[in-house]
Amino acid sequence: MFRIIRLIPILFCLLAVTLATVWGCLALWYHGPLTEQNKLFAIAGFAVFGLIVAIALFTRRRIGALGLFGLGLAALLFWWNGIAPPTERNWSPDVARQVTGRIEGDILTLDNLRNFDWTGPDDAIPRWETRSYDLNELQTVDMFLSYWAGPLMAHFIVSFGFADGEQLAWSVEVRREVGGAFSPLADAFKSNTLVIVAADERDVVGVRSNLRNEDVQLFRLAADPQVARALLTEYVRDANALSQRPEFYNSITTNCTTVVVRMMRAIGDGLPLDWRLLANGYLPDYAYDQQALDMRYSLSDLRALGRIDRRAKAHGLEPGFSEAIRRDVPQPQPGPSGS
């Protein structure tokens, strides 16, 4: 029994060394400032170093081996923390610009709002616009989940609705370079930066439902207009900050869902931590548990009613798109069932 108890801290150290070694090898692979051949030598060297330390944990030299490994890991972390997000690259056209905004009284003006005419899943006629919105006319907040790889993960879009029927959609995305692609593993290792896109729904939603054939679901939220205004203001602040100081996208800690959760916490709307904030395909389940959806319906009914694909394709990427995709999608009512 005593031997088993003595093994517990050793096994804990073994797990830590293993995880740190794997992380270090991946960091060197994605960012090592070397030729590909030399990079492979560096990765092999660090892996062997980790293996030697792991073996030494079961000998009397474990303390010295851990100390040496700690120094090596500290040097690697020092290098890693010095990698700054790039400000200029050959960005993909759809994320080439970062939206910025200013609020003067009750009027929000956005520059570089995206309103592309998409001709294919990845081809579009670019159009960047300046638009103004009266925040006194802000009425609704909706969320879109665009499922592109099964039920676990989805792209998350928030859309703000105004009294005149106009919708302002926000999407936190990977700022890819031309020819680049989204990779959850690579994007956990500083491979791409973050971009916040403000767009017309025909653009940012329509390209996913009509051209990329993703399963796009719309959920209308029970949001007080004042909370909606505060959340929209946080989007503008984050976008302005990002235009001045780029950040890396991280598929675990800084993605399309976690950024919005951070914003909600900033305006004082405390959201309890939940695994579904990471596996964001289940965000509707989370929102339903928080009574943020229309509680007159079951969640399965809300999912069925909220699938916009058929309505979106029938209408096409034409004016009136936002109204067409909301037909038959229930709006939460004020009172105990909706707020």
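This dialogue reads selected features of a predicted model.

Reader: Where do I start with the cysteines? How many disulfides does the structure hold?

Author: Begin with sulfur-to-sulfur distance. A disulfide needs two cysteine sulfur atoms within 2.5 Å. The structure holds 0 disulfides. Cys13 is in none, and its nearest cysteine sulfur, that of Cys25, is 19 Å away.

Reader: Why is Cys25 without a bond?

Author: Distance settles it. The closest cysteine sulfur to that of Cys25 is in Cys13, and 19 Å is too far for a bond. Burial is a separate matter. Cys25 counts as buried because its relative accessibility is 15%. Cys13 is partly exposed, at 24%.

Reader: Next, salt bridges. What is the general idea, and how many are there?

Author: Side chains of opposite charge can pair when their charged atoms come close. Here the count comes to 21 salt bridges. Take Arg127 and Asp117. Their closest N and O atoms are 2.9 Å apart.

Reader: Where do Arg127 and Asp117 lie?

Author: Arg127 is in the loop between β4 (123-125) and β5 (128-134), while Asp117 is in strand β3 (residues 117-120). The pair therefore ties together parts that are 10 residues apart in sequence. Now check the surroundings. Arg127 is partly exposed, with 29% relative accessibility. Asp117 is partly exposed too, at 25%.

Reader: Which residues are linked with Arg127 and Asp117 in a network?

Author: Follow shared partners from bridge to bridge. The salt-bridge network links Asp117, Arg127, Glu129, Arg131, Glu166, Asp200 and Arg202.

Reader: Pick one member, Asp200. Where is its place?

Author: Asp200 sits in the loop between β9 (193-199) and α4 (201-204). Its side chain makes a polar contact with that of Arg131, at 3.3 Å.

Reader: Is Asp200 buried or exposed?

Author: Compare the relative accessible area with the 20% cut-off for burial. Asp200 has 15%, so it is buried.

Reader: What is Asp200 in contact with, leaving aside its neighbours within four places in sequence?

Author: Look for heavy atoms within 4.5 Å. For Asp200, the residues are Leu113, Arg114, Asn115 and Arg131. Arg131 thus appears in the contact list, in the polar contact and in the network.

Reader: Which salt bridge joins Arg326 to another residue?

Author: Arg326 meets Glu201, with N to O at 2.7 Å. This pair links distant parts of the chain, 125 residues apart. Arg326 is in the segment after α11 (321-325), and Glu201 is in helix α4.

Reader: Are Arg326 and Glu201 buried or exposed?

Author: Read each side of the bridge on its own. Arg326 is buried, at 10% relative accessibility. Glu201 is buried as well, at 0%.

Reader: What does the salt bridge of Asp294 look like?

Author: Asp294 pairs with Arg296, and the N to O distance is 2.5 Å. Check burial again. Asp294 is buried, with a relative accessible area of 1%, whereas Arg296 is partly exposed at 47%.

Reader: How far is Asp294 from Gly180?

Author: Use C-alpha atoms for this. The two are separated by 39 Å, and the residues lie 114 apart along the chain. Gly180 is in the loop between β8 (167-175) and β9. Gly180 is partly exposed, at 37% relative accessibility.

Reader: Now backbone angles. Which residue in that loop, other than glycine, has a positive phi?

Author: Check the sign of phi, then the residue type. Lys190 has phi near 55° and is not a glycine. Lys190 lies in the loop between β8 and β9. With a relative accessible area of 17%, Lys190 is buried.

Reader: What is the phi of Gln291?

Author: Gln291 has a positive phi of about 55°, although not a glycine. Gln291 is in the loop between α8 (283-289) and α9 (299-306). Burial sets the two cases apart: Gln291 is partly exposed at 42%, while Lys190 is buried.

Reader: Last, the surface. Which residues form a nonpolar patch?

Author: Look for accessible nonpolar side chains that lie within 5 Å. Leu7, Leu11 and Phe58 form such a patch, with about 270 Å² of accessible area together. Leu7 is in helix α1 (residues 2-31). At 35% relative accessibility, Leu7 is partly exposed.

Methods: Residues numbered from 1 in each chain as written. Predicted model: local features only at pLDDT ≥ 70, side-chain atom pairs only at ≥ 80, totals over all residues. Heavy atoms only, no water. Buried < 20%, exposed > 50% of the residue type's maximum accessible area, 1.4 Å probe, protein only. Patch = residues over 30% accessible without salt bridge, like charges linked within 9 Å, V, L, I, M, F, W, Y side chains within 5 Å. Areas by Shrake-Rupley, 256 points an atom, 1.4 Å probe, with all protein chains shown as cover. Salt bridge = Lys/Arg side-chain N within 4 Å of Asp/Glu carboxyl O. Helix = DSSP H or I, 4+ residues; strand = E, 2+ residues; numbered from the N terminus. Polar contact = N/O pair within 3.5 Å; in protein donor to acceptor, adjacent residues only side chain to side chain.
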